[in-house]
Amino acid sequence: MSALAMATPAFIPSPSNGTVHLGPIPLHMYGLLLAVGVVVATLIAERRWQHWGHDRKEIGDIAVVVVICGVVGARLYHVASDYELFTGSHWVRAFEIWRGGLSIWGVILGGAIGVLVMTWRRHLDTLGIMDAIAAGLLAAQGIGRWGNYFNQELFGEPTRLPWGLEIDLAHRPKGFEQFSTFHPTFLYESLYCLALLALLFWVERRFTLRRGQSFAFYVSTYTFGRFWLENLRIDFAHAILGLRLNAWVSLLACVGATTWFIWLARHGRVDPKRYPEAAASGADGPPARVSGATPES
């Protein structure tokens, strides 16, 4: 047995189960944290939209459809990318979302489709609303990742670091039964998302962003970090050319979002309600400039 398998107290003990009881009603922490994340994301998006001079009800009017599209997309992506888990008599597990398995890629894709459809139907600013939602998504991910903690899933490689996560034998992947503590990738990602949330707020205050750049910034920076976290995980995943499928998705999304961010800086337009001074000064074209800077004569 390796030294890593020796009994050392884990800094982060895992819960014995992912369910709490409210009287006779069992509450799955994964689903509860998902619901909390959705509420927080919606409130943040509404507040941002109102702060930018728009009617916050416009967010509330589309929120239910966007959330449903996001959840459906999240589950469909997981079922499609890990189809072998739902074959044969296990097909019913596709509906058991409290067990985990809501992919952020499906959330973004499904939610984006919901935003596109609803903003088109209601004649709203699609890119502006996506910008408002970006911060809420980061907050929701920071909260929702703790659902993986309660389910003892999606952890990283074995580690003896003092913040190693203790995983019960029943939840350890095949070939890792002799190890007891693993990298808490749920915690890494949660903290990373919250740090990105603070960074996004700083960037928005510091610079005059074009419509869509906040959302592009979110996708670009999140996928950059997710690429490294994805390669730290040891749960089963399909691989392409030696990289996990979701690592490839992260890499391609990062490149695409970064390219989009740069393109918007050169060709995008400023929301006059969000940045009234910049719009009034004519800073409506490329490149993005520091807020409050004196316009060129």
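## A nonpolar patch on the surface

Val64, Ile68, Val72 and Leu76 together make a nonpolar surface patch of about 380 Å². One of these residues, Val72, sits in helix H2. With a relative accessible area of 43%, Val72 is partly exposed. Keep in mind, as you look around, that this is a predicted model.

## The chain as a whole

Let's step back for a moment. The chain holds nine helices and six strands. Of its 297 residues, 46% are buried. The chain exposes about 15700 Å², and carbon and sulfur atoms supply 68% of that area.

How do the contacts spread along the sequence? Among contacts between residues at least 6 apart in sequence, 71% join residues at least 24 apart.

## Helix H3 and its surroundings

Helix H3 covers residues 104-122 and makes a nice check on geometry. At 1.5 Å a residue, its 19 residues should span 27 Å, and the end C-alpha atoms are 26 Å apart, which agrees.

Which residues of H3 are buried? They are Ile104, Trp105, Gly106, Ile108, Gly110, Gly111, Gly114, Val115, Met118 and Thr119. The cover over the buried residues of H3 includes helix H2 (57-81), helix H4 (126-144), helix H7 (213-230) and helix H8 (245-267). Helix H2 is also where Val72 of the surface patch is placed.

Both ends of H3 have something to show. At the N-terminal end, Ser103 acts as a cap, with a side-chain oxygen 3.2 Å from the backbone nitrogen of Trp105. Just after H3, His123 takes a positive phi of about 55°.

## The loop between H5 and E3

The loop between helix H5 (146-151) and strand E3 (165-166) is worth a slow look, and Gly156 lies in it. Is Gly156 buried or exposed? Its relative accessible area is 0%, so Gly156 counts as buried. Leaving aside residues up to four places away in sequence, Gly156 touches Phe182, His183, Thr185, Leu232, Arg233 and Ile234. The C-alpha atoms of Gly156 and Pro184 are separated by 6.3 Å, although the two residues are 28 residues apart along the chain.

Backbone angles deserve a glance here too. Most residues other than glycine have a negative phi. Gln152, which is not a glycine, has a positive phi of about 50°. Leu154, also a residue other than glycine, has a positive phi near 60°. Gln152 is found in the loop between H5 and E3, and Leu154 lies in that loop as well. Gln152 is buried at 4% relative accessibility, whereas Leu154 is partly exposed with a relative accessible area of 24%.

## Salt bridges

Side chains of opposite charge can pair when their charged atoms come close. How many salt bridges does a search of the whole structure find? The count is 12. In one of them, the side chains of Arg56 and Glu46 meet with an N to O distance of 3.1 Å. Arg56 lies in the loop between helix H1 (29-51) and H2 while Glu46 belongs to helix H1, so this pair ties together parts that are 10 residues apart in sequence. Arg56 is partly exposed at 28% relative accessibility, and Glu46 is buried with a relative accessible area of 14%.

Asp125 and Arg211 form another salt bridge, with an N to O distance of 2.7 Å. This pair links distant parts of the chain, 86 residues apart: Asp125 is in the loop between H3 and H4, and Arg211 is in the loop between helix H6 (185-206) and H7. Asp125 is buried with a relative accessible area of 19%, just meeting the cut-off of under 20%. Arg211 is partly exposed, at 26%.

## A long-range pair and a network

Asp131 pairs with Arg274 in a salt bridge whose closest N and O atoms are 3.3 Å apart. The two partners come from distant parts of the chain, 143 residues apart, with Asp131 in helix H4 and Arg274 in the loop between H8 and helix H9 (276-280). Asp131 and Arg274 are both buried.

Finally, which residues are joined into one network by salt bridges that share partners? They are Arg145, Glu189, Arg226, Glu230, Arg233, Asp235 and Arg244. Arg233 also appears among the residues that Gly156 touches.

Terms used:
Residues numbered from 1 in each chain as written. Predicted model: local features only at pLDDT ≥ 70, side-chain atom pairs only at ≥ 80, totals over all residues. Heavy atoms only, no water. Helix = DSSP H or I, 4+ residues; strand = E, 2+ residues; numbered from the N terminus. Expected span 1.5 Å × (residues − 1). Buried < 20%, exposed > 50% of the residue type's maximum accessible area, 1.4 Å probe, protein only. Contact = heavy atoms within 4.5 Å. Polar contact = N/O pair within 3.5 Å; in protein donor to acceptor, adjacent residues only side chain to side chain. Patch = residues over 30% accessible without salt bridge, like charges linked within 9 Å, V, L, I, M, F, W, Y side chains within 5 Å. Areas by Shrake-Rupley, 256 points an atom, 1.4 Å probe, with all protein chains shown as cover. Salt bridge = Lys/Arg side-chain N within 4 Å of Asp/Glu carboxyl O.
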